[in-house]
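Good morning, everyone, and thank you for making the time. I would like to walk you slowly through a structure that is new to most of us, so please keep the view open while I talk.

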Amino acid sequence: MPRYMLTFVSQDDWWESQTEESLKNAYAPLMAWWDEHVKTGLVKSGEQLAPQRTATTLRRVNGAMKVTDGPFIESKESVGGYAIIEVADLDKAIAVAKSWPGGDVEVRPVVEH
Amino acid sequence: MRSLGDFDVAEEAVQDSLVAALEHWPRDGIPDQPGAWLMTTARRKGIDRLRRETRYREKVAQLEDDYRGASPPEDPPEGPMPDERLELIFTCCHPALAREAQLALTLRSVAGLTTAEIARAFLQSESTIAQRLVRAKRKIVDAKIPFRVPEGHELPDRVSEVLAVLYLMFNEGYLATGARGAMDRDLAAEAEWLTSLLTRLMPDEPEALGLLALMRFDLARADARFDSEGEIVLLRDQDRSKWDRKMIDDTFLLVGRFLRTRSPGTYQLQALIAGAHADAKSWETTRWPEILRSYDSLLAFGDTPVVRLNRAIALWHVKGPQTALDEVDAQSGDLAGYHLFHATRAELLRALGRTADARAADERALALTENPAERALLARRLARQSR
């Protein structure tokens, strides 16, 4: 069965400016979504990522890898996490992505080798 | 469920089956469901006119006559071909494809236009369209866009996506902007044909009927929209004897069909408005209060500046030009760059006797449109005022 990666878009600024209480409230529906879909086996794997201020990027410069601070593209929105799901087709994948209680989601097929 | 990635195969099957039907029916006899057999894309083999509804019927009738005259076939063809056009339409108009790709793909795969014909219709090079089609088909295959009619709760959204594609296609043809010239009725006729196909494949879909009625009311007036010099004639000034009465009357049967479903929608409401115009003996005797009520219902579906602008004309005839002008002016923040905003203002200002302001508004409208026929109309109007 085809697999798709759902990439969850995150606004770091918003998450980092919340109180502990409101963070808890914001996380609750997201965690519930993960729990449910892991249990049903739809989500094969996935992780939440730390904010992009923690990112380190290695850039190929003249053949050598140079270590630099920051994400590969600086933006207000970044990848906040991902899930690998296994469903029959794009319509099913879109239906799963629509049920995500957070922000924007990108859906891309996984290349099967 | 159908195997994935079969889009090309399905498209070919749909196209080839028509050719096959035409070659085999006279010899082997008509299958039980000729309608389900007949595929849309005869054009590929030069059977160009077949896709037109009337010709389609003539052809079916002719084939049936041939059949009646012939002896019963020894070896009847296998059961009726599955009609895959509906799946094809939904796949071509999948929301995961860009709008321009949806348009090109629908014209190519469902209506059977050649890449060259699509390129002409959109004033693009053939290679641009070819590339667009290849990319869209690759996405269908790689992202596994399913070849099926959406089910249950998905269906309403997907139907409106299909209708949006067909409506855009129609308007591209009917209102064509830019260098292509004012009229490109072929694309409009294509859209009308596709919509009528959709209403046959989904007879219980009131918005599809609404869109078809809207298109037909517009097409029925098409011959009066331009004068002998190719210049636009506004609805108000049109020679209503040039309207296609038969088409208008037939279209009211469609209106009756969607009204009976009692599930209103935006296309049905627009069809009611177009119908009220088509039914009026003159601009003055138009049933404006009824049109205004339809616009009010449209606002309930989506309160947009463009709907308010169009509604202002009805408002003018029901409540006077000043009320209408106030309403139009309230949209200036959103519509200042839209030529019809200024053209509408100009009309209302003229009705209020503010000729200098009207002239300025017409000049603004002229500066904002590239459509040659619209430019000619505005230029004529300005010339008349300066006399």
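Let me start with a single residue, B:Glu327, which has its place in helix H15 of chain B, the helix that covers residues 321–329. Please keep in mind throughout that what we are looking at is a predicted model. Is B:Glu327 buried, partly exposed or exposed? It counts as partly exposed, because it has 17 C-beta neighbours inside 10 Å, and a residue would need 20 or more to be called buried. If we set aside residues up to four places away in sequence, B:Glu327 touches B:Arg308, B:Ala312 and B:Leu315. You may also want to find B:Trp316, which is eleven residues from B:Glu327 in sequence and 9.8 Å from it in space, going from C-alpha to C-alpha.

From there, let us step back to chain B as a whole. Its secondary structure comes to 19 helices and zero strands, and of its 387 residues, 38% are buried. If we take the contacts in chain B between residues at least 6 apart in sequence, 61% of them join residues at least 24 apart.

One helix to pick out here is H5 of chain B, residues 99–109, where nine of the eleven residues are buried, so that this helix is largely enclosed by the rest of the structure. The buried residues of H5(B) are B:Ala101, B:Gln102, B:Leu103, B:Ala104, B:Leu105, B:Thr106, B:Leu107, B:Arg108 and B:Ser109.

Next, I would like to look at two pairs of helices. In the first pair, helix H10 of chain B, which spans residues 206–220, packs with H11(B) at an angle of about 165 degrees, and the two axes are 9 Å apart. That angle makes H10(B) roughly antiparallel to H11(B), and H10(B) passes H11(B) in a left-handed crossing. On the H10(B) side, the residues that make the contact include B:Pro206, B:Leu209, B:Gly210 and B:Phe217, while on the H11(B) side they include B:Met247, B:Ile248, B:Thr251 and B:Phe258. Sorted by class, this contact of H10(B) with H11(B) has twelve nonpolar, two polar and two charged residues.

In the second pair, helix H12 of chain B, residues 266–279, and helix H13 of chain B, residues 288–301, pack at an angle of about 165 degrees, with 9 Å between their axes. H12(B) is therefore roughly antiparallel to H13(B), and the crossing in which H12(B) passes H13(B) is left-handed. B:Thr266, B:Leu269, B:Leu272, B:Ile273 and B:Ala276 are the residues of H12(B) that take part, and among those they meet in H13(B) are B:Ile291, B:Tyr295, B:Leu298 and B:Phe301. The residues of this contact divide into eight nonpolar, three polar and one charged.

Before leaving chain B, I want to point to its loops. Most residues other than glycine have a negative phi. B:Arg262, however, has a positive phi of about 50 degrees although it is not a glycine, and it lies in the loop between helix H11, residues 245–260, and H12 of chain B. B:Arg262 is exposed, because there are 7 other C-beta atoms within 10 Å. B:Leu123, which is not a glycine either, has a positive phi of about 55 degrees and is found in the loop between helix H6 (115–121) and helix H7 (126–142) of chain B. With 13 other C-beta atoms within 10 Å, B:Leu123 is partly exposed.

Now to chain A, which has three helices and six strands, arranged along the sequence in the pattern β-α-α-β-β-β-β-α-β. Its C-alpha atoms fill a box of roughly 45 × 45 × 20 Å along the principal axes, and buried residues make up 11% of its 113 residues. Of the contacts in chain A with a separation of 6 or more, 77% are between residues 24 or more positions apart. As for confidence, the mean pLDDT of chain A is 94, and 100% of its residues reach 70 or more. Among the elements of chain A, helix H1 (residues 12–16) has the lowest mean pLDDT, at 88, and strand S6 (residues 105–109) the highest, at 97.

Finally, how many residues of each chain are in contact with the other? Nine residues of chain B are in contact with five residues of chain A, and the chain B side of that contact has six nonpolar, no polar and three charged residues.

Technical notes: Residues numbered from 1 in each chain as written. Chains lettered and ligands numbered in written order. Predicted model: local features only at pLDDT ≥ 70, side-chain atom pairs only at ≥ 80, totals over all residues. Contact = placed C-beta atoms within 7 Å. Nonpolar A, V, L, I, M, F, W, Y, C, P; charged D, E, K, R; others polar. Buried ≥ 20, exposed ≤ 12 C-beta atoms within 10 Å, placed from the backbone. Helix = DSSP H or I, 4+ residues; strand = E, 2+ residues; numbered from the N terminus. Axes fitted to C-alpha atoms, helices over the stretch in contact; angles between N-to-C directions. Parallel < 35°, antiparallel > 145°, perpendicular 65-115°, else oblique. Left-handed = near helix turned anticlockwise from the far one by under 90°. pLDDT = per-residue confidence, 0-100.
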